[in-house]
Amino acid sequence: MNDTVSVRGLKRTFKQGETIIQVLRGIDLDVRQGEIVALLGPSGSGKSTLLQAVGLLEGGFEGSIRINGEEAAALENDGRTRLRRNALGFVYQFHHLLPDFSAAENVVLPQLIHGATRAAAEERADALLSSLGLAQRLTHRPSQLSGGEQQRVAVARALANRPLLVLADEPTGNLDEATADIVLAEFLRLVREEGSAALVATHNERLAAKMDRVVRLHDGVLE
């Protein structure tokens with residue numbers, strides 16, 4: 001099975017006044033095609049920084065990040081944007097849905113940006129949201145949805161363009177335990193059905209145990 005993402009020697013430092021803070025201290029990580037990996041670690045351990053690096057969301061990193069065999073460090077901004085758009089999907093702790101658009105429209109828009117026709121994008125959005133139990137909520141705006149429903153829409157949006165890899169940063173962190181269990185189960189089911197890989201940052205051991213593999217980040221090093 002091929003690696004969807006391969007990270008080697010990844011480092012990230014920040015300067016705070018005269019102090020150098022090492023957040024990532026040389027990370028090696030592979031996520032294989034179709035694999036769901038839990039990135040476990042306490043708050044402040046560098047989980048979000050690692051996801052930002054793999055997600056090509058900011059620069060300043062040392063080391064190698066290869067996504068679907070393509071070296072991100074060798075790309076200019078346009079190339080990184082293309083790779084991010086074509087290969088990656090994102091789910092955050094807060095849903096970040098567009099408040100003036102319906103659930104379906106929030107899933108349609110990234111597909112239109114990606115080049116899909118409106119008819120195809122609407123069909124895909126309806127199918128994804130229906131599979132997540134939201135068939136009766138397609139026309140509702142985020143403010144009319146519960147927290148769990150909002151996060152399900154965010155999951156559908158992340159998978160709308162059939163990404164190779166979904167990056168999820170505490171995707172159920174704002175939900176109560178019962179709702180978090182339901183949303184995570186739906187997320188894992190849909191990722192597997194779609195054939196994507198996923199790297200999911202969490203500090204919750206119980207949720208991490210539901211995934212294919214667990215890696216632990218402590219003090220900027222994978223253990």
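Reader: I would like to learn how to read accessibility here, starting with one residue: what is the relative accessible area of Arg 66, and how is this residue classed?

Author: Keep in mind that this is a predicted model, so what follows describes computed values. Arg 66 has a relative accessible area of 38% and is therefore classed as partly exposed, since that class lies between the limits of 20% for buried and 50% for exposed.

Reader: With which residue does Arg 66 form a salt bridge, and how far apart are the closest N and O atoms?

Author: The general idea is that side chains of opposite charge can pair when their charged atoms come close. In this model, the partner of Arg 66 is Glu 71, and the closest N and O atoms are 3.9 Å apart. Glu 71, with 18% relative accessibility, counts as buried, whereas Arg 66 is partly exposed.

Reader: Which strands lie in this part of the chain, and how do S4 and S5 pair?

Author: Strands of a sheet pair through backbone hydrogen bonds, in either a parallel or an antiparallel sense. Strand S4, which spans residues 61–67, pairs with S5 in the antiparallel sense over two bridges, and in one of the bridged pairs Ile 67 has Glu 70 of S5 as its partner. The open sheet concerned has four strands in the order S2-S1-S4-S5, with antiparallel pairing. Strand S2 (19–32) and strand S5 (70–71) stand at the edges with a single partner strand each, so that one side of each has no neighbour in the sheet.

Reader: How many salt bridges are counted in the whole model, and which residue pairs with Lys 47?

Author: The count comes to 14 salt bridges. Among them, the side chain of Lys 47 meets that of Glu 170 at 3.9 Å, taken from N to O. This pair links distant parts of the chain, 123 residues apart, because Lys 47 belongs to helix H1 (residues 47–54) and Glu 170 to the loop between strand S7 (165–169) and helix H6 (177–194). Lys 47 is buried at 7% relative accessibility, and Glu 170 is buried as well, at 10%.

Reader: Where in the chain do Arg 137 and Glu 149 lie?

Author: Their side chains form a salt bridge with an N to O distance of 3.3 Å. Arg 137 sits in the loop between helix H4 (118–131) and helix H5 (147–159), while Glu 149 is in helix H5, so the pair ties together parts that are 12 residues apart in sequence. Arg 137 is partly exposed at 23%, whereas Glu 149 is buried at 16%. Elsewhere, salt bridges with shared partners join Glu 177, Asp 181 and Arg 206 into one network.

Reader: How should I read strand S8: are its residues buried or exposed, and which strands pair with it?

Author: Strand S8 (residues 197–202) is mostly covered, with six of its six residues buried. Ala 197, Leu 199 and Ala 201 point one way from the strand, and Ala 198, Val 200 and Thr 202 point the other way. Strand S3 (residues 36–40) pairs with S8 in the parallel sense over five bridges, with Val 37 bridged to Leu 199. S7 also pairs with S8 in the parallel sense over five bridges, and here Asp 169 has Ala 201 as its bridge partner. Together S7, H6 and S8 make a right-handed β-α-β unit.

Conventions. Residues numbered from 1 in each chain as written. Predicted model: local features only at pLDDT ≥ 70, side-chain atom pairs only at ≥ 80, totals over all residues. Heavy atoms only, no water. Pairing = 2+ DSSP bridges. Salt bridge = Lys/Arg side-chain N within 4 Å of Asp/Glu carboxyl O. Buried < 20%, exposed > 50% of the residue type's maximum accessible area, 1.4 Å probe, protein only. Right-handed = clockwise from strand over helix to strand, strands pointing away.
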